[in-house]
Amino acid sequence: MTVRVAVLISGSGTNLQALIDTAASSDCPAEIVLVLSNKEGAYGLSRARTAGIDAVWHDHRGKPRATYDQEVADILRRNRVDWVFLAGFMRLLSPVLLEAFPGRVVNIHPALLPSFPGLQAQKQAFDAGVRVSGATVHFVDAGMDTGAIIAQGTVCRQDDDTLDDFSARILAMEHRLFPMVMRWAAEGRLALRGGEAVVSLATGESRSLLDS
Ligand code: GRF
């Protein structure tokens with residue numbers, strides 16, 4: 001039996017692509033059944049259609065947050081979605097959407113939370129001069145990147161890194177981390193219990209990935 005995943009995006013969708021590629025492998029019980037974007041021209045919509053996945057643009061403009069989120073929740077329910085993965089979806093979620101999928105909404109963030117939440121996290125870290133940053137996958141709550149941490153991957157800053165170099169390596173880490181968590185979710189090994197992310201790890205697995 002496959003687990004039905006929806007991916008919400010706003011942009012290019014390279015993380016979406018990593019999820020699509022993983023779901024396509026025969027040993028992964030996840031099926032991406034829907035990609036939804038709040039931005040009309042999001043390239044991720046094309047990625048989804050190329051992969052034969054239903055892709056919808058649902059415009060948020062002019063709607064109160066709760067109204068929009070109710071509409072999105074209705075679309076997800078109609079598609080019998082089990083898990084919701086936010087892959088560069090540039091919106092905070094209101095309780096109406098979170099309560100429709102309790103403990104089933106996951107986000108990826110390009111820094112080691114709780115450091116550098118919010119926008120341009122790679123630049124925030126770079127400007128702060130940190131030597132190590134990375135990516136975090138976490139359950140979503142109503143805050144800004146504040147939900148329970150599921151997994152993290154570290155990326156070291158090299159001495160000659162530009163911000164673009166640093167950001168590219170963080171993105172590459174995201175592409176390893178997010179599919180790993182999707183597998184856990186699809187295999188029934190991930191849960192939110194008492195505000196904490198619980199993962200049943202297999203032998204040799206870790207909730208931390210290191211670069212190189
Ligand atoms: C990623 O860095 C993700 O962590 C952040 O938005 C970016 C989306 O990139 N939330 P992409 O659309 O997956 O290429």
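This note goes through the ligand site of a predicted model and then one loop of the chain.

1. **Who surrounds the ligand.** Start with the shell of residues. Its members are Ser12, Gly13, Thr14, Asn15, Gly88, Ile108, His109, Pro110, Gln122 and Glu174. Find each of these in the structure above before reading on.

2. **What kind of shell.** Sort these residues by class. The shell has 7 polar residues, 2 nonpolar ones and 1 charged one. Glycine is counted with the polar residues here. Glu174 belongs to the shell, and Glu falls in the charged class.

3. **Which elements supply the shell.** Two elements stand out. Helix H1, residues 14–23, gives at least two residues to the shell. Strand E5, residues 105–109, also gives at least two. Look for Thr14 and Asn15 in the shell, and for Ile108 and His109 as well.

4. **Between two domains.** Where does the ligand lie relative to domain 1 and domain 2? Domain 1 covers 1–102, and domain 2 covers 108–212. Both give residues to the shell, so the ligand lies between them.

5. **Polar atoms close to the ligand.** Three distances are worth checking. An oxygen atom of the ligand is 2.5 Å from a side-chain N or O atom of Thr14. A ligand oxygen is also 2.6 Å from an N or O atom in the side chain of Glu174. At Ile108 the partner is in the backbone: a polar atom there is 3.3 Å from a nitrogen atom of the ligand. The cut-off for a polar contact is 3.5 Å.

6. **How covered the ligand is.** How much of the ligand's exposed area does the protein bury? On its own, the ligand exposes 360 Å². The protein buries 82% of that area. The space that the ligand takes is the largest pocket.

7. **A cis bond in the loop.** Now move to the loop between E5 and helix H5, which spans 121–128. Pro114 sits in this loop. The peptide bond joining Leu113 and Pro114 is cis, with omega about 10 degrees.

8. **Positive phi in the loop.** Which residue of the loop between E5 and H5 has phi near 50 degrees? That is Gln120, a residue other than glycine with a positive value. Phe116 is also placed in the loop between E5 and H5. Its phi is positive too, at about 55 degrees, although Phe116 is not a glycine. Check both backbone angles in the model.

Methods
Residues numbered from 1 in each chain as written. Predicted model: local features only at pLDDT ≥ 70, side-chain atom pairs only at ≥ 80, totals over all residues. Heavy atoms only, no water. Near = heavy atom within 4 Å. Polar contact = N/O pair within 3.5 Å; in protein donor to acceptor, adjacent residues only side chain to side chain. Areas by Shrake-Rupley, 256 points an atom, 1.4 Å probe, with all protein chains shown as cover. 1 Å grid on protein atoms, 1.4 Å probe; cavity = no way out; pocket = protein on both sides within 12 Å on 5 of 7 lines; lining within 4 Å. Sits in = over half its atoms within 2 Å of the grid points. Helix = DSSP H or I, 4+ residues; strand = E, 2+ residues; numbered from the N terminus. Domains from an automatic or database assignment.
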